[in-house]
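Subject: Handover of the structure

Hello,

Please find the structure below. My notes on it follow.

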Amino acid sequence: MNRRDYNKYINGTAFKVGEMSEDNKIHLDFSLLLNYFEALGKSYNLKFFIDKNDITVFENLFNYYLKDEEYCTRKNIDPNKGLLLVGGNGVGKSTIIKMFAEFFISGKPKVYSMCDLSEKVSKGGIAALDIINYQRDFILDDVGSEMQSVYYGTRNEVFSSILMNFEQKNFPAYTPDENNFVTKLSSLDISSTRTNPKIHARIFASTNFTLQEFEDRYGKRVYSRMAEYFNIINFPTTIDKRIARANIIRG
């Protein structure tokens, strides 16, 4: 069967990431995808690079999004859960989780800064979180960096509120159409919850927190719920890439 190159473009430059067969099935190549993601990361931040120690993280994410059954079973990855990428400052967590989500998910999930959400809740109360209540997939950037919000004397941990209400909010039902795009259906057609079996809702998040810091900050209940909603992927790189590539002048 003849195949043709499958390319993605960055500022007009083509990057081959795999091949497309005559039946229009895409066959991605992991090594080619790494080259593409490194170039894409540099388009966000010129100092971005993929450290050799990061390859395992990319491999886990690659197979998670492809839902490779054998790989995911072996690595204890659940493709129906979201992702929590854990690592130190400047290792590239936010950039990587955004790149993978935008590449593999139709419609590019909305990215929410936890600091911004906390500020919105402090100004408008917990109702300010309604902006994310009706999105199937979304990204929470830098969980743990947010201040505890205070609205008319009421204190609120924004991450706790999002997580504890994740399956309780009404949610318009969605189903893939024949072209694998997402089509909105009436909530009367299918049970309108986030747990709609047609497509699993997922949260993607990045954090500098250790798991112990999560429990200390948000409590045991939220900590326990995290295992229900997330595949937790630890970033092996400890070096701050922004500092590693900084122009430091000595003497």
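A salt bridge is a side-chain nitrogen of Lys or Arg within 4 Å of a carboxyl oxygen of Asp or Glu. Keep that in mind for the pairs below. Also keep in mind that this is a predicted model.

**Salt bridges**

The search of the whole structure gives ten salt bridges. Here are some of them, starting in helix α5.

K123 pairs with E119 there, and their closest N and O atoms are 3.1 Å apart. Both residues sit in helix α5, four residues apart, so about one helical turn separates them. That spacing fits a general rule. An α-helix has 3.6 residues a turn, so residues three or four places apart point the same way. How open are the two partners? K123 counts as exposed, at 63% relative accessibility. E119 counts as partly exposed, at 42%.

Salt bridges with shared partners also link R3, D5, K16 and E19 into one network. Two of its links are worth a look. The side chains of R3 and E19 meet at 3.7 Å, N to O. R3 belongs to strand β1 (residues 3-10) and E19 to strand β2 (residues 13-21), so this pair ties together parts that are 16 residues apart in sequence. The side chains of K16 and E19 meet at 3.6 Å, N to O. E19 therefore has a salt bridge to R3 and another to K16.

Accessibility in this network is as follows. R3 is partly exposed, with a relative accessible area of 47%. K16 is partly exposed too, at 31%. E19 is partly exposed, at 27%.

**The five-stranded sheet**

Next, the sheet. Five strands form an open sheet in the order β5-β6-β11-β4-β12, and the pairing is parallel. Which strands lie at the edges? They are β5 (110-113) and β12 (230-234), each of which pairs on one side only. From one strand to the next, the twist averages 20°.

Follow β6 through its two pairings. On one side, four bridges join β5 to β6, and the two run parallel. Y112 stands opposite L140 of β6 in that pairing. On the other side, five bridges join β6 (residues 137-143) to β11 (residues 202-207), again in parallel. I139 stands opposite F204 of β11. Is β6 mostly covered or mostly open? It is mostly covered, with six of its seven residues buried.

**Helix α5, inside and out**

Back to helix α5, which spans residues 114-124. Which of its residues are buried? They are M114, L117, S118 and V121. Seen down the axis of α5, these buried residues fall within an arc of 100°, so they line one face of the helix. The salt-bridge partners in this helix are more open to view: K123 is exposed, and E119 is partly exposed. Just after α5 comes G125, with a positive phi of about 80°.

**A loop contact**

D51 is found in the loop between α1 (30-44) and α2 (55-66). Its relative accessible area is 17%, so D51 counts as buried, the cut-off being under 20%. A polar atom of the D51 side chain lies 2.7 Å from the backbone nitrogen of N53.

**Cysteines**

How many disulfides does the search of the whole structure find? Zero. For background, a disulfide is a covalent bond between the sulfur atoms of two cysteines. Two cysteines can be placed by their accessibility. C72 is buried, with a relative accessible area of 3%. C115 is partly exposed, with a relative accessible area of 36%.

**Where to start**

Begin with the K123 and E119 pair in helix α5. Then turn the helix to find the face lined by its buried residues. Move on to β6, with β5 on one side and β11 on the other. Finish with the network of R3, D5, K16 and E19.

Best wishes

Notes
Residues are numbered from 1 along each chain as its sequence is written. This is a predicted model: local features need pLDDT of at least 70, side-chain atom pairs count only at pLDDT 80 or more; totals for chains, interfaces and linings use all residues. Side-chain values use heavy atoms; hydrogens and water are left out. A disulfide is a pair of cysteine sulfur atoms within 2.5 Å. Buried means under 20% relative accessible area, exposed over 50%, partly exposed in between (1.4 Å probe, protein chains only). Two strands pair if DSSP finds at least two bridges between them. Axes are lines fitted to C-alpha atoms, for helices over the stretch in contact, and angles run from 0 to 180 degrees between N-to-C directions. A polar contact is a pair of N or O atoms within 3.5 Å; within protein, one must be able to donate a hydrogen and the other to accept it, and residues adjacent in sequence count only if both atoms are side-chain atoms. The arc is that of the directions from the helix axis to the C-beta atoms.
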